[in-house]
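I opened my notebook to walk through this fold one strand at a time. Here is what I wanted to look up: which strands pair, and what sits inside.

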Amino acid sequence: MLSSIFMSGRLGEVIGEKMRIVEVDRVIPGPSGYYETDRFPVRTMSGSKSIFMRAKVGSYVTLKGRIEGDEKYGVIIIAELDEILLVPEGTVRV
């Protein structure tokens, strides 16, 4: 493995059978004074029935993985290990 990455953020929409967007807020505000959000396509090593794929949008996630190239999405993250903090039922994401 030539690359290793650790990230924490929120789960976004499902974009493929084993792929999902992870949204990560920047720690330094941009020129507008607001904290921008970066969106990364993440492929899970687990199947489509994993908690990573079934968890609600907005659930907090931390993951360790590696960077790879993909023909369709460009640069993607391959999640090797993840932890999900589920959003409770009835919670509205803003």
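My entries below go from the overall sheet to its strand pairs and then to the core.

**Entry 1: the overall sheet.** I noted at the start that this is a predicted model. I then followed the strands around and found a closed barrel of five, in the order β1-β2-β3-β5-β4. The pairing in this barrel is mixed. I also looked up the angle between neighbouring strands of the sheet: on average they are turned by 55° against each other, with direction ignored.

**Entry 2: β1 and β2.** I began at the N-terminal hairpin, where β1 and β2 have four residues between them. The two strands run antiparallel and are joined by three bridges. For a landmark I picked Val14, which stands opposite Arg20 in β2.

**Entry 3: β2 and β3.** Next I moved across to β3, residues 37–44, which runs antiparallel to β2. I found seven bridges joining this pair. Here Glu23 faces a partner of its own, standing opposite Arg39 in β3. I also asked myself how many residues of β2 are buried. The answer is six of its seven, so I wrote the strand down as mostly covered.

**Entry 4: β1 and β4.** Back at β1, residues 5–14, I looked for its pairing with β4, residues 60–70. These strands run antiparallel, with six bridges joining them. Two partners in β4 are handy to find on screen: Tyr60 for Arg10, and Thr62 for Ser8.

**Entry 5: β4 and β5.** A hairpin takes β4 into β5 through three residues. I found 11 bridges between β4 and β5 (residues 74–85), again in an antiparallel run. One of the pairs is Ile67 with Ile77 in β5.

**Entry 6: the core.** Which residues touch the most other members of the largest nonpolar core? Out of 14 residues, I listed Met7, Leu11, Val22, Val42, Phe52, Val61 and Leu63. Two or more core residues come from each of β1, β2 (19–25), the helix α1 (51–54), β4 and β5.

**Entry 7: a closer look at Leu11.** I chose Leu11 from that list and looked up its contacts, leaving aside neighbours within four places in sequence. Leu11 is in contact with Arg20, Ile21 and Val22. Its contacts also include Phe52, and then Ala55, Lys56, Val57, Gly58 and Ser59. Val61 and Ile84 are on the list too. Of these contacts, I marked Val22, Phe52 and Val61 because they appear in the core list as well.

Conventions
Residues numbered from 1 in each chain as written. Predicted model: local features only at pLDDT ≥ 70, side-chain atom pairs only at ≥ 80, totals over all residues. Heavy atoms only, no water. Pairing = 2+ DSSP bridges. Axes fitted to C-alpha atoms, helices over the stretch in contact; angles between N-to-C directions. Core = buried A, V, L, I, M, F, W, Y, C linked by side-chain atoms within 4.5 Å. Buried < 20%, exposed > 50% of the residue type's maximum accessible area, 1.4 Å probe, protein only. Contact = heavy atoms within 4.5 Å.
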